[in-house]
Amino acid sequence: MQTVMSSKMATSNNIAQAKRTVQQLRVEASIERIKVSKACADLMHYCGEHAKFDPLLMGIPASENPFKDKKPCTIL
Amino acid sequence: MCDQTFLAATFGPCDNCSANRPLMNIYLKNEPINYCSLCVELMACQGLAPGETLASLKTESENLKVKLEEERAKLHDVELHQVAEKVEALGQFVMKTRRTLKGHGNKVLCTDWCRDKRRIVSSSQDGKVIVWDAYTTNKEHAVTMPCTWVMACAYAPSGCAIACGGLDNKCSVYPLSLDKNENLAAKKKSVAMHTNYLSACSFTNSDMQILTSSGDGTCALWDVESGQLLQSFHGHTADVLTLDLGPSETSNIFISGGCDKKANVWDMRSGQNIQSFETHDSDINAVKFYPSGDAFASGSDDATCRLFDLRADREVAIYSKESIIFGASSVDFSLSGRLLFAGYNDYTINVWDVLKGTRVAILFGHENRVSTVRVSPDGTAFCSGSWDNTLRIWA
């Protein structure tokens, strides 16, 4: 009796899981997509627009970067 | 299988039998329902439509997967690096270690910048969480956690608190006080409770909510003040190792990556898994949104980093070289999204040109695995933490 019950629970567990997977895949298959060329063009556009504000990309003068070493100070 | 390892994250009256039991949060016809596990099983047995069997459901799910791939492939008309051919190539990069933060007694596992662009919080295997002033390399605060392997730490947006957690399965929030002598551990607040280790945590736009991911396969959104679970996210079938929130203040999505090789996109309000990407060959160690919020990068144990576009719903670039055979543990974008900094288990940091797919620099300096890489909020520098017990600031 015990073994019959547990195998029934095991199969129904698999059924519940399979139903969830099917449900999830249906949701994923139905989303709207755009073409890769358009998506890539947008990424490039964003890069181009923001490149001048990117310190690591453009490099900023040592005097403006708090991390870059300035000339040593002399204590008067 | 994760169904055995993770317990339900909520407890309360079942919508069906009204008994107070651990609840499973599932979706039926896009409606969230909270049934206890017994009612879920009974419903599953009754819920089979005539002619449906386990086998027929499995075939349907296989067919759906194939259809999903076909739909994605239809829109795959070009590769990113082809589109980027007309973009100017980048010049030589000179990035050096400008500061070395020493003080941890063991491996540095996680770091986060404060929004003031100068403070950094870092956590380590030895259980210590330290707040540093990156300009002066001074330690401002130190907390000793009751557990080792503090794998996650995060700075609150206001700069007034930090969150951390690890093998204690919890995420705790410590308000930072200006009084140096105050014992921070006394004010500690336990916010998140998982059934396995905490792998990552992040504050949302305010100090009031925290998003966590755990080795129990789930992610969860918590209210800091009350410690209440606001939303839980089920879908990963193995440990979740990393998460990242959408960059815009109005976006309600976040991404997570885990040991099941999947990167999932979630809706924070409904708890629904919107998209899933499974092209990596091994555990995904890090995910990070592209600054525009339309794409994200991932780093994995398969030694590659990949760029996925959310609107095209597919992988659009892969950053790899035959000479790179060690896993990538951490990734972050520069401010414009043109550069991708990735820390690897071979002790190096590789800098990739996101658009062209080429490597522009390789940075040496750490004497052990690089475990975390974070670009500062104003993009002037980035910080790397390593198993050699140090943090380095590069600019």
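**Close-up views of a predicted two-chain model**

**View 1. Strand E30(B) and its two antiparallel partners.** Strand E30 of chain B is joined by 4 bridges to strand E31 (residues 390-394) of the same chain, and the two run antiparallel. In this predicted model, Gly385(B) stands opposite Leu391(B) of E31(B), and the hairpin that E30(B) and E31(B) make has 3 residues between the strands, with Asn389(B) taking a positive phi near 75°. Strand E29 (residues 370-375) of chain B also pairs with E30(B) in the antiparallel sense, here over 5 bridges, and the bridge partner of Val370(B) in E30(B) is Ser386(B). E29(B) and E30(B) form a hairpin as well, with 6 residues between them, and Gly379(B) in that turn has a positive phi of about 75°.

**View 2. The burial of strand E30(B).** In a regular strand the side chains alternate between the two faces of the sheet. In E30(B), Phe382(B), Ser384(B) and Ser386(B) point one way, whereas Cys383(B) and Gly385(B) point the other way, and all of these residues are buried. Because 5 of the 5 residues of this strand (residues 382-386) are buried, a term that stands for under 20% relative accessible area, E30(B) is largely enclosed by the rest of the structure. UniProt, in an unreviewed entry, places the feature "repeat: WD" at several stretches of chain B, including residues 363-395; over residues 363-395 the chain is 0% helix and 52% strand, and the end C-alpha atoms are 11 Å apart.

**View 3. The open sheet E25-E26-E27-E28 of chain B.** Four strands are arranged here in the order E25-E26-E27-E28, with antiparallel pairing, as an open sheet of chain B. Strand E25 (328-333) and strand E28 (359-363) stand at the edges and have a single partner strand each, so one side of each is left without a neighbour in the sheet. Neighbouring strands of this sheet are turned by 20° against each other on average, direction ignored. Within the sheet, strand E26 (residues 339-344) and strand E27 (residues 349-353) of chain B pair in the antiparallel sense over 5 bridges, and Leu340(B) stands opposite Trp352(B) in E27(B). The stretches that the unreviewed UniProt entry annotates as "repeat: WD" in chain B also include residues 330-362, over which the chain is 0% helix and 58% strand, with end C-alpha atoms 15 Å apart.

**View 4. The open sheet E21-E22-E23-E24 of chain B, with helix H2(A) across it.** This open sheet of 4 strands in chain B has the order E21-E22-E23-E24 and antiparallel pairing. Its edge strands are E21 (284-289) and E24 (314-319), each of which pairs on one side only. Averaged over the sheet, and with direction ignored, neighbouring strands are turned by 25° against each other. E21(B) is joined by 5 bridges to strand E22 (residues 295-300) of chain B, and these two run antiparallel; the bridge partner of Phe289(B) in E22(B) is Phe296(B). From the other chain, H2(A) lies across E22, strand E23 (305-309) and E24 of chain B, running at about 110° to E23(B).

**View 5. Chain A and the loop residue Lys35(A).** Chain A has 3 helices and 0 strands, so that from the N terminus on its elements run α-α-α, and buried residues make up 34% of its 76 residues. Lys35(A) has its place in the loop between helix H1 (2-29) and helix H2 (36-50) of chain A. Lys35(A) is partly exposed, with a relative accessible area of 45%, and, leaving aside its neighbours within four places in sequence, it is in contact with Leu75(B) and Asp77(B).

**View 6. Helix H3(B) and its buried face.** At 1.5 Å a residue, the 21 residues of helix H3 (residues 54-74) of chain B should span 30 Å, and the end C-alpha atoms of the helix are 30 Å apart, which agrees. Leu57(B), Ser61(B), Leu64(B), Leu68(B) and Arg72(B) are buried in H3(B). Seen down the helix axis, the buried residues of H3(B) fall within an arc of 65°, so they line one face of the helix. On the other side of H3(B), Ala55(B), Asn63(B) and Lys74(B) are exposed. The UniProt annotation "coiled-coil region", from an unreviewed entry, covers residues 54-81 of chain B; over these residues the chain is 82% helix and 0% strand, and the end C-alpha atoms are 43 Å apart.

Key: Residues are numbered from 1 along each chain as its sequence is written. Chains are lettered from A and ligands numbered from 1 in the order in which they are written. This is a predicted model: local features need pLDDT of at least 70, side-chain atom pairs count only at pLDDT 80 or more; totals for chains, interfaces and linings use all residues. Side-chain values use heavy atoms; hydrogens and water are left out. The expected span of a helix is 1.5 Å times one less than its number of residues. Buried means under 20% relative accessible area, exposed over 50%, partly exposed in between (1.4 Å probe, protein chains only). The arc is that of the directions from the helix axis to the C-beta atoms. Contact means heavy atoms within 4.5 Å. Two strands pair if DSSP finds at least two bridges between them. Axes are lines fitted to C-alpha atoms, for helices over the stretch in contact, and angles run from 0 to 180 degrees between N-to-C directions. UniProt positions are given in the numbering used here, feature names are shortened, and annotations may be inferred rather than shown by experiment.
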